[in-house]
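Subject: Handover of a structure, with findings

Dear colleague,

Please find the structure below, as agreed. The findings follow directly after it.

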Amino acid sequence: MLSQKRLFGTNGIRGVANAELTPMIAIKIGSAIGTFFKRARLIVGHDARTSSPMLAKAVVSGLVATGCDVLLAGMAPTPALQYAVKNHRTAGAVIITASHNPPEYNGIKVVWKDGIEISREQEIEIEKIYFNEKTRYAEWNKLGKTRELPGIVNEYVEAIKTHVNVPNIAKRNYHVVVDGANSVGSLAAPFLLRDLGCRVTTINANIDGTFPGRPPEPRPENLEKLALTVKAVAADLGVAFDGDADRSVFVDERGKIHWGDKTFGLVEKSFLKENKGEKIVTPVSSSTLVKDIADAYGGELVWTKVGSVTVSQTMKKLKAKLGGEENGGIFYAPHNAVRDGSMATALILDIMAKTGQKLSKLLDTLPKYFLEKGKTECPEELKEKVLRGLTRQFKDMNISTVDGIKIWFGDKSAILIRPSGTEPIYRLYAEAKTPQGASKLIREYSSKLKSIIDSLR
Ligand code: MG
């Protein structure tokens, strides 16, 4: 993953611990980040992976060597660390996490003083320092200092509570099952829920960096145990986090697992009812239901490229208050314009309490779409030409080319055709009002895509 020219991928620096991401490399990266921040004060924290404490110490060494002071926040959810940056007014943070990746991976995220991950331009500056050996080490008597920063998870929980109606939620005595993925998701949400007057049942709550309970990605196929537990204990809600607890996927009281754009649609609807005319930011990979809700409740929808940093940066630029992704990321800017699993959980409970309705009922009232996915092989070197070909061929239709090409049709169906960033394939995501409609779109557009690829070979 760590190439000769690039350190950062779509979501920070990622690699297999002690293979690609060794402590030696982490010190060097830490020194490059420290040089970039110029003797500033930074927070360092990490997730529950086996390699995280080791890599965090290496990064801290690099930062201190370049004269940065470091506040050691220890193990915490990514959004808690991002909130701490704003709350403690530091110049930024470095977070050791590989989010939803398998256990052997780890990664390094760099956060700016506004709590949002740094921009691509800033990443390039750090890469230049790293690859061109421009690191500036401090003199022996100007090294950075370190001190512990305890209590950030409590501060984070308290901050979330200020954005919802706590007495109103507490009145309902909800029973919530939390699946913490054996990682930092267990450090904040159960305590937040207790403060919201909920009865809490936890699964996969013990911290274990080998992720024995389930893989760190909250995909429906990994959440069977959560769904069964919600039904078994007759809970009102289930929530599962990814490895660093910035994403949350919800299960209704019937044990049904819902994709992120649907629960985001619910938050969006409730938000727009009280905040007419506001901008809603979402990647083109989200369902059209997000657009339907924006249209119905007077919101202005902004489609972005796929990727959480793009959503955050776009929200910041447009001063948008709400953003969301289909993978379970909800961004609520009054708290922090980053995706945040615990904040999302509080917002969902707030809506349930406000309406007095069960989650299944609330989600039932949203526009319905059926999804189907497909993929077509495409050699890496043809990807861009193929995209230009697709854009030419469909230019007279209702399209967006912000990321790949998305086409909306008159009957409310849509298809997104997008080159994979990691594999030699194009992915297709269709949605329609019937399952047959979605299948038909995949068949039709796979064959159109194939003929363009073949014509360019
Ligand atoms: Mg994550």
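The search for disulfides, each defined as a pair of cysteine sulfur atoms within 2.5 Å, gives a count of 0. In general terms, a disulfide is a covalent bond between the sulfur atoms of two cysteines. Two cysteines may be mentioned here for their burial: because its relative accessibility is 8%, C198 counts as buried, and C378 counts as buried at 1%. Buried means under 20% relative accessible area, exposed means over 50%, and partly exposed lies in between, with a 1.4 Å probe and protein chains only.

Please note that this is a predicted model, in which local features need pLDDT of at least 70 and side-chain atom pairs count only at pLDDT 80 or more, while totals for chains, interfaces and linings use all residues. Residues are numbered from 1 along each chain as its sequence is written, and side-chain values use heavy atoms, with hydrogens and water left out.

Salt bridges

A salt bridge is taken as a side-chain nitrogen of Lys or Arg within 4 Å of a carboxyl oxygen of Asp or Glu. By this rule there are 29 salt bridges. One of them is formed by D244 and K109, whose closest N and O atoms are 3.7 Å apart. This pair links distant parts of the chain, 135 residues apart: D244 sits in the loop between β9 (237-241) and β10 (248-251), and K109 in strand β5 (residues 105-112). Helices (H or I, at least four residues) and strands (E, at least two) are DSSP runs, numbered from the N terminus. Both D244 and K109 are buried.

A further salt bridge joins E274 and K354, with 3.1 Å between the closest N and O atoms. Here too distant parts of the chain are linked, since E274 belongs to helix α9 (residues 260-274) and K354 to helix α12 (residues 341-355), 80 residues apart. E274 is exposed, with a relative accessible area of 55%, whereas K354 is partly exposed at 42%.

K383 and E380 also meet through their side chains in a salt bridge, at 3.0 Å from N to O. Salt bridges that share partners join K109, E117, D244, D246, E325 and R339 into one network. As to the accessibility of the K383 and E380 pair, K383 is buried with a relative accessible area of 7%, and E380 is partly exposed with 46%.

What surrounds a buried charge that has no salt bridge? E268, in helix α9, is such a residue: the nearest side chain of opposite charge, K291, is 9.2 Å away. For this purpose Lys and Arg count as positive and Asp and Glu as negative, while His and the chain ends are not counted. Apart from neighbours within four places in sequence, E268 is in contact (heavy atoms within 4.5 Å) with I280, V290, I293, A294, L301 and L322.

Strands and sheet

An open sheet with mixed pairing is formed by 5 strands in the order β8-β7-β9-β10-β11. Its edge strands, each pairing on one side only, are β8 (199-203) and β11 (257-258). Two strands pair if DSSP finds at least two bridges between them. β10 and β11 pair in the antiparallel sense over 2 bridges, and V251 has I257 in β11 as its bridge partner. Helix α12 lies across β7 (175-179), β9 and β10, and runs at about 165° to β9. Axes are lines fitted to C-alpha atoms, for helices over the stretch in contact, and angles run from 0 to 180 degrees between N-to-C directions.

Strand β15 (residues 330-332) and strand β16 (residues 336-339) are likewise paired in the antiparallel sense, over 2 bridges. The hairpin that joins β15 to β16 passes through 3 residues, and Y332 stands opposite N336 in β16.

Two buried residues in helices

L289 lies in helix α10 (residues 289-296) and counts as buried because its relative accessibility is 5%. Not counting residues up to four places away in sequence, L289 touches D261, K262, G265, P367 and Y369. From C-alpha to C-alpha, L289 and G12 are 30 Å apart in space, with their positions 277 residues apart in sequence.

I452 is found in helix α15 (residues 435-456) and is buried, with a relative accessible area of 8%. Leaving aside neighbours within four places in sequence, the contacts of I452 are V386, G389, L390 and Q393. I452 and D242 are 210 residues apart in sequence and 37 Å apart in space, C-alpha to C-alpha.

With kind regards
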